[in-house]
Amino acid sequence: MTARPRITLVHATPIAMGPIRDAMAANWAEAEPVNILEDSLSPDRAKVDSINDALTDRIVSLTRYAESIGSAAVLFTCSAFSSAIELAASLASVPVLKPNEAMFEAAIRQGGRTAMLYTFPPARAGMEQEFREEADRINPSATLTSFLVEGAIDAVRADDVATHNRLVAEAATRIEGFDAITLAHFSTARARSAVEAKTTTPVLTSPDAAVAKLRFLLGAGATTSHHARR
């Protein structure tokens, strides 16, 4: 492993880039982040009910490109491509992480009931399935309840971060009786402070959890995870 491991971050939308940039800078300054933005993926995913072969091929191709530039690991930051990333990970020679797997692991270990605030409807089914897979592995009795925050993603796409954060925080005030609140997307992580100001429930985000897991995988010299192969 080099002194500065190259971590390739694959984005399907520009709004995911800021939160992971900040998380990398704060929690892993020694790494070398490389950004790949393919922003036709998100609108193309929104046009179909489920991930098709064409979208899967594109995810696999992006992973192969990331490997070709010497990446020590690959992290996808869009939560709507779970099954495609699973396939890409099974074919890769370096760790490949789905956006939310580390956050879900942390939430499940936090307790039995997790709430998820999400803003991009096409991502919901895949994230719920991903949570279920993690729960089956860690704590089969764990449950996830999803809450759509209407209008939040439109606000952040229009660079109105204040409105996005307010809407997500307001949604959190209506959530009670959970052991953890997860902010579903990388783009939603920017609302963490606003949400924490409104609730005493632990709040988890994908970027921070993903960086922590990557550091563990690479720093510990791990050669496999249940999503990554060597």
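## Close-up views of a predicted protein chain

In the protein chain, take the contacts (heavy atoms within 4.5 Å) between residues at least 6 apart in sequence: 70% of them join residues at least 24 apart. The model is predicted, so local features need pLDDT of at least 70 and side-chain atom pairs count only at pLDDT 80 or more, while totals for chains, interfaces and linings use all residues. Residues are numbered from 1 along each chain as its sequence is written, and side-chain values use heavy atoms, with hydrogens and water left out.

**View 1. The whole chain, with its 10 helices and 8 strands.** Helices (H or I, at least four residues) and strands (E, at least two) are DSSP runs, numbered from the N terminus. The radius of gyration, taken over C-alpha atoms, is 16 Å for the protein chain, close to the 17 Å that the globule rule gives for 230 residues, so the chain is as compact as a globular protein of that length. That rule is 2.2 Å times the number of residues to the power 0.38. Along the principal axes, the C-alpha atoms fill a box of roughly 45 × 35 × 35 Å. Of the 230 residues, 52% count as buried; buried means under 20% relative accessible area, exposed over 50%, and partly exposed in between (1.4 Å probe, protein chains only).

**View 2. The surface and charges of the protein chain.** About 9,800 Å² of the protein chain is exposed, and carbon and sulfur atoms supply 50% of it. Accessible areas come from the Shrake-Rupley method with a 1.4 Å probe; for residues, only the protein chains shown count as cover. There are 23 positive and 27 negative side chains, and the centres of the two sets lie 3 Å apart. Lys and Arg count as positive and Asp and Glu as negative, with His and the chain ends not counted. Each charge is placed at NZ of Lys, CZ of Arg, CG of Asp or CD of Glu.

**View 3. Helix 4 and its buried residues.** Look along residues 82-91 and you'll find Ser82, Ala84, Ile85, Ala88 and Ala89 buried. Seen down the helix axis, these buried residues fall within an arc of 160 degrees, so they line one face of helix 4. The arc is that of the directions from the helix axis to the C-beta atoms. Their cover includes helix 3 (53-68), strand 3 (73-76), strand 4 (96-97) and helix 6 (124-138).

**View 4. Serine 79, in the loop between strand 3 and helix 4.** Serine 79 counts as buried, at 6% relative accessibility. Not counting residues up to four places away in sequence, serine 79 touches Pro99, Asn100, Ala123, Met127, Ala184 and His185. Tyrosine 118 is 39 residues from serine 79 in sequence, and the two are 10.0 Å apart, C-alpha to C-alpha.

**View 5. Helix 1 under its cover.** In helix 1 (residues 17-27), the buried residues are Gly18, Pro19, Ile20, Ala23 and Met24. Strand 1 (6-11), strand 2 (32-37), strand 3 and helix 10 (206-219) are among the elements that cover them.

**View 6. Leucine 214 and alanine 212, in helix 10.** Leucine 214 counts as buried, at 0% relative accessibility, whereas alanine 212 counts as partly exposed, at 46%. Leaving aside neighbours within four places in sequence, leucine 214 is in contact with Ile7, Trp28, Ala73, Leu75, Leu97 and Gly219. One of these, leucine 97, is 117 residues away along the chain, with 8.2 Å separating its C-alpha atom from that of leucine 214. For alanine 212 and alanine 31, 181 residues apart along the chain, the C-alpha separation is 12 Å.

**View 7. Alanine 142, in the loop between helix 6 and strand 6 (143-148).** Alanine 142 is buried, with a relative accessible area of 1%. Setting aside neighbours within four places in sequence, alanine 142 is in contact with Ile108, Gly112, Phe131, Arg132 and Ala135. Threonine 114 lies 28 residues from alanine 142 along the chain, and their C-alpha atoms are separated by 7.6 Å.

**View 8. Aspartate 159, in the loop between helix 7 (152-157) and helix 8 (161-173).** Most residues other than glycine have a negative phi. Aspartate 159 is not a glycine, yet has a positive phi of about 65 degrees. At 70% relative accessibility, aspartate 159 counts as exposed.
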